[in-house]
Structures are given as C-alpha cells and as structure tokens.
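Opening the notebook on a new model today. I'll jot down what I look up as I go.

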Amino acid sequence: MTRKFYITTPIYYVNAHPHIGHAYTTIACDTIARRQRLLGAETFFLTGTDEHGQKIERAAQAAGKTPQQYADTISAEFRQLWKRMGISNDDFIRTTEDRHKRRVQALFRKLRDDGYIYKGTYTGQYCVSCEAYIDGAQPGDPCPTCGRITETVREDNYFFKLSTFQERLLALYANPEFIRPEARRNEVISFVRSGLRDLSISRSTFTWGIPVPDDPKHVIYVWLDALANYITAIGYGSSHPGAQEAFKKFWPADVQMIGKEIVRFHCVYWPAFLMAAGLEVPKTIGAHGWLLFEESKMSKSRGNIVRTETILDVLGADALRYFLLREVVFGQDGSFSFDALVQRYNSDLANGLGNLASRTLTMINRYFRGEVPYPSRGASKTGADDAVAEAARKTIREFGALFDQFQFSRALETAWALVAAVDKYIVENEPWALGERQDEDSRSRLATVLYTAAEALRIVTALAYPVMPEATAKIWSQLGLGDIKKLALSELAWGQLPLGTKLGEVQPVFPRADKSAIERMQKMEEEQKGAMLTEAPAAAPVLTSVPQTAPAAVPAVSAAGEKISIDDFAKIELRVGLVKVAERVPKADKLLRLEVDIGTETRQVLAGIAEAYAPETLIGRKVVIVANLAPRKLRGMESNGMIVAASLEDGKPVLAGFLEDVPVGARLK
Ligand code: ME8
C-alpha cells in the first residue's frame, strides 16, 4: 500500500504583504513535500490564508476596504507568489471560503455537544496583533510575544475546557517526535505544567468571523477557526463521501511546520481541540526560528521586510530556496542580507554545483561526443575513484537522515562537501591533460574520471532536487536523464548512471552574480518602501515590537517662521484615535496613561494632561495622535505616540478634536 504524507504550513494572515519570512516556512514545507513525493509517498501539501479576526477587520478599516475585499487582495498576492516560486501545494485554503466556515461550525457543534464548551464572561487582556488572550496581564501591559500593548476585553464568551486536558497533553509531550526541536518541547512542557486555564473561544464585540452555530451574536475565536483549516481542507465535517475519504486517508498530519511564536497555539490548544473532537493529533509539529533583517524579526510592523519578488527577479527562486535552507539552522533565528545571499549564491551555486556540472558535461561533450563514457574496471582505476564513490554513498545516507530531522542546513552542507571532493578529484586527475593524449591508458583513465564526476554530479543533483527544483531539473536533463520528477529517490545509489547516455544540451545553470546584483536588489527594495510610504492607510507604519514612545501631550511648535515642504509634513503620521482606557499614573501629577485605538491597533500613550482632564471624561473621546513618533519611556512605562493639543498661555493643554464624526484610524493630511 502506498504510504501517505500530509504536510501543512501555517495559514498566513492577510494583513501583511508576503515577504521572505513567510517564504521561509513555505519553502521548508515545499522541500519536504517534494522529497516525500520522490520517495514514493502519496503527498498532500496544504497552505492558505487566515482571514478572520479583529486584526484583519481593523486593517481593512484603516485601508478603507471591507474585510472581504481586503482579504481577497492579499490572499491573491500569496497565491500568485507561491505559483511564481514553484511551490507545489496541493490545495490553498482561505478561511473565508464556505467549505471552511461550514466545517468549522461542525467542529464547534461537536465540541459543544460533547460537553467541552460552556458560556462565561471573559475579563482580561487581549493582544489583537497575536489574536491571543494574555493570562495574568494587567491593563497597559505589553504582549509578552510581540511587545504591543494589550487591550482590555470584557465580554460574554464561550469557553473551551482546556484545563481538563493538562494531563493528556503532558502525556502527549512524552513522545519526543511531537514537538521539534527539543528546546521548544521543553518550553511547552513547562507552560502546561504551570497550569492551564479554560480558553475563551468566541468574541462578541466585533463581527468579522465565523458565527457561532445557533448564537450568531458571537463569532468563533480566530485561532480555533484558523487551526481547524488543517482538517477542514481535507474534508473534516463534510457529508460528502469523497471528502470523508480524503480526511480518513490524510489525517493525522505527518508534519505541521510553524514559526516559533505560534508554538503554544499549535502544541497546546490544537491537540486539545483535536482530543476533544475525538480526533488524532498530528505526528510532528516542527517549529522554526525567525528570519532577521537588520537585526530584528522581519515583519511588516517593523518595516524591515524584504520582498520575495526582488530576489526572484534578480537571482531566481532556487537561489532563495537554497540560501534560506543552507544559511538558517532550523529551529534557530537566522539573518538575511543581500551580501550573504549573493556570496552564497556565487560560492555554492555558480562556482560549486554549477561549475561542476558545466566542466564535467562540457568535457564529456568534447572528449566523448556527448556520451557518458564507460569507466575502466581494470588497471587504470585508482583509489581516488573509489573514494569518490564511497563519499557519495555516505552522502546519500547522511543527507536523508539529516533532512528527515529538518536539519536542512547540515544536509546541504554534506552534499556540498561531496561537490568539493569531486572538484578536488577533477583538479588532481587533470582530465583536460588526459584528453590531450591519445594513448589507450590515458583514454581509459579519462573515461573513468569523467564518469566518476558525472555520477557524483547526478547524485548531488538528485539530493538537491527538493531544494532547487528548477535548476536540478535542468542539470538532470543535461545529463540526459529526462524528467527528474520520475526519480525513485529511495533507490538512489552509486553506479546507476547509464553508460553511453546521450547528454542533453549543456547550458550554464547558475550564471555568476556580480556586485551590481546586490545594488539592484537593494535599490528595488528602497523604491518599494518609498511606494509603500505613499500608499494610504493600509501600509501605514504600525508599531515596532518595542512600542514607540512619545512625550506627554505638548503641542508641537515649529521654529517660528521657518517654512517646511509638503514632504516634510507628510512625514508626520497624524491619525484619529479613540481613547479606550484613561487612568492616572501613580506619583506623576501631570501624566495620564491612555490606551488609544488607532484603527490598526491600540497604543499606550502617556500624556501630560492630567491637570486639565479627568481620566473618565476622556474615555470614548476621539483625539489626534502622532502615530510615527520615535519611542520613549516615561516613568518606566512605554509611551507610543503623542496626543495633539493646543497649548494655552498658562500652559494648559486643550485636546484637538473634530466637529463631524470621523472614523477611527483616519489619517490627517
Ligand atoms: O501566525 N521569519 O500568520 P503569520 C520566519 N495566521 N518566519 C516568519 C517571519 C520571519 N521573519 N515572519 C512570519 C500566523 N513568519 C497565523 C497562523 S495557523 C493556523 C495561523 C512565519 O502570517 C511565521 O513564523 O503571522 C508563521 O509560521 C508564518 O510565517 C505565518 O505567520
């Protein structure tokens, strides 16, 4: 019977344009899926977009679109990008699709019917950016994951009996395969050991979500909705026999790949939901680290993203795929830079694999009329030939073992050690010198050397296929071997290159990149950033993980008489904010601590207006906030923006406001 293999990426939030951090997760999964297909498994590879929840609703609002319009645009961007990158996903699920919504409701019903859901009231802090309830946090506390200020939520909710799963979850973690790598497993164990509280799984203060069955005033908590994609996409909750069969075949997932910041959702909530629904849990959750750029996590909110398209335009998808998997040690954070990308590309691809392919195949063309020569079995065979064969056998074994442990970087290192060994072998055996001689021994030696090099090239190419599908397919056909997708990887062994094979047309696969490639990519990114800054509210720079801070509310007075240009003014991001929380700051007579909703998020701002305004009079009031002010700390608290006020002669501030109603988050310009 054919073995099945089911692998998933997380589904991507549609509040951000795709960048190479997203591409990293997708590439890792695509590589695993491709390897599994070559190993003969019936593989299903799922990705998609996560489109509900408060964060998306607010982002859409700030962009002046409906959440659906907004989600449609960005979901399409992801889909197109994956296509361009040759991602081989078998399905792309959107959480706003009917098939998903109906099946999530079926899951909710099942959990409720089986007694795992009850109604209660939630009072506590919530991080809209992570869409996470933050246990134990106080008003004004930042989210421990992303650093943004949490919002106070008080609402009637449905609760899931998470607390009853503590022991079963701990028993699950005893299996070391469930969470990889080990460090993440230990974190999860200590989190669960410290005690689990029941989890609120519905929201009632906004509407952008899947309605709770029979109680549509509530929408299902976005993480329950999103996590369920892994089963709804393959047919859970469907009455259609075909879908039921697919679900039976593919569930449980073999690998669910995620980033480290969403481990708790996947390793605690997700298995608990599945256990409650009477379903099996996934076999392995693999958590990778972050891609850093300019020393912090690449993300939209930090404004330090690198677009995948730039790299595809200049170096191609394979270069990016190879770089990310080779450079980043799986599970750890890794830095991206254009310099490192081009350096790696030149050393490992242009001068490494590319050079091995072109010199070996060119010499076979020149000396053997393009047919793979017959190696000698006689006297002209040397220990060096056997050493290459032995190194290749070892590489096949080690590459597979490392790869299956997600140690992509070490696996590629092993394969490229073989490339280096063959290069050395070629240099030492000087086939070009042998080719100049006509005697039989030299001919026979030349045949052996070029056969050995070509066979090693075939093996590296086969191993590297899942990582670089496009380039390896080209080398494969240049070797005269046809379609690389037909390769039976499990049978890969030394000595299978058919003698006498007619080579295909030999062409360079990885042209060398010069310095101008770096400059071109940097320029493309700068131009894109410029374009984004002028793109109205959707792309407004949002919080950094260290929230921006600002002084108390004092009106900005420009140097008298000095004129500024419209461009100078455009640098100041003024937005309409809604005060949600206002309170005095202990031992600071002038300061108020405010939580201000600016459409895309809620900011903590410290304002020096306590002598002019009683906190309770500010709640629900619309104010003007300078949203892109540099961070500052006041009294040990982060202030993240500045409230605009007129300053009267006696120094008393009067808050700026509007006579007409204005939407929260609207930009002043
Ligand atoms: O978390 N480096 O979506 P998301 C590495 N919708 N990986 C990165 C990255 C970076 N700089 N930035 C993002 C969500 N990612 C939820 C998931 S699943 C049921 C719901 C990775 O768009 C991140 O770690 O914020 C995660 O694995 C994926 O992109 C999606 O992130």
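**Overall picture**

I started with burial: 58% of the chain's 669 residues count as buried. Worth writing down at once that this is a predicted model. I then boxed the C-alpha atoms along the principal axes and got roughly 105 × 70 × 40 Å. For secondary structure I count 21 helices and 27 strands in the chain. I also checked contact order, taking contacts between residues at least 6 apart in sequence: 76% of them join residues at least 24 apart.

**Cysteines**

How many disulfides does a search of the whole structure find? Zero. I looked at Cys29, which is in no disulfide; its nearest cysteine sulfur belongs to Cys267 and sits 14 Å away. Cys29 counts as buried because its relative accessibility is 0%.

Cys146 made me look twice. Its nearest cysteine sulfur, that of Cys127, is 3.6 Å away, and Cys146 is in no disulfide. The cut-off for the sulfur pair is 2.5 Å, so a pair has to lie within that to count. Cys146 is buried too, at a relative accessible area of 11%.

**Helices α13 and α17**

Next I pulled up α13 (residues 338-368) against α17 (residues 440-464). Their axes come within 10 Å and cross at roughly 145 degrees. I noted the crossing of α13 past α17 as left-handed. On the α13 side, the contact residues include Leu353, Leu356, Leu361, Ile364 and Phe368. From α17, I see Leu446, Leu450, Leu457 and Val460 among them, along with Arg443. Sorted by class, the α13 contact with α17 has 15 nonpolar, two polar and one charged residues.

**Aromatics**

I ran the ring search and got 34 aromatic pairs in the structure. One of them is Phe330 with Phe406, a tilted pair with 5.4 Å centre to centre and 55 degrees between the planes. Which parts does this pair tie together? Phe330 is in the loop between α12 (317-327) and β17 (334-336), while Phe406 is in the loop between α14 (383-404) and α15 (408-429), so the pair links parts that are 76 residues apart in sequence. Both Phe330 and Phe406 are buried.

Last entry: an aromatic cluster. Tyr6, Phe44, Tyr230, Tyr236, Phe247, Phe250, Trp251 and Trp270 form one cluster.

Notes. Residues numbered from 1 in each chain as written. Predicted model: local features only at pLDDT ≥ 70, side-chain atom pairs only at ≥ 80, totals over all residues. Heavy atoms only, no water. Buried < 20%, exposed > 50% of the residue type's maximum accessible area, 1.4 Å probe, protein only. Axes fitted to C-alpha atoms, helices over the stretch in contact; angles between N-to-C directions. Helix = DSSP H or I, 4+ residues; strand = E, 2+ residues; numbered from the N terminus. Left-handed = near helix turned anticlockwise from the far one by under 90°. Contact = heavy atoms within 4.5 Å. Nonpolar A, V, L, I, M, F, W, Y, C, P; charged D, E, K, R; others polar. Phe/Tyr/Trp six-rings, centres within 6.5 Å; stacked < 30°, edge-to-face > 60°.
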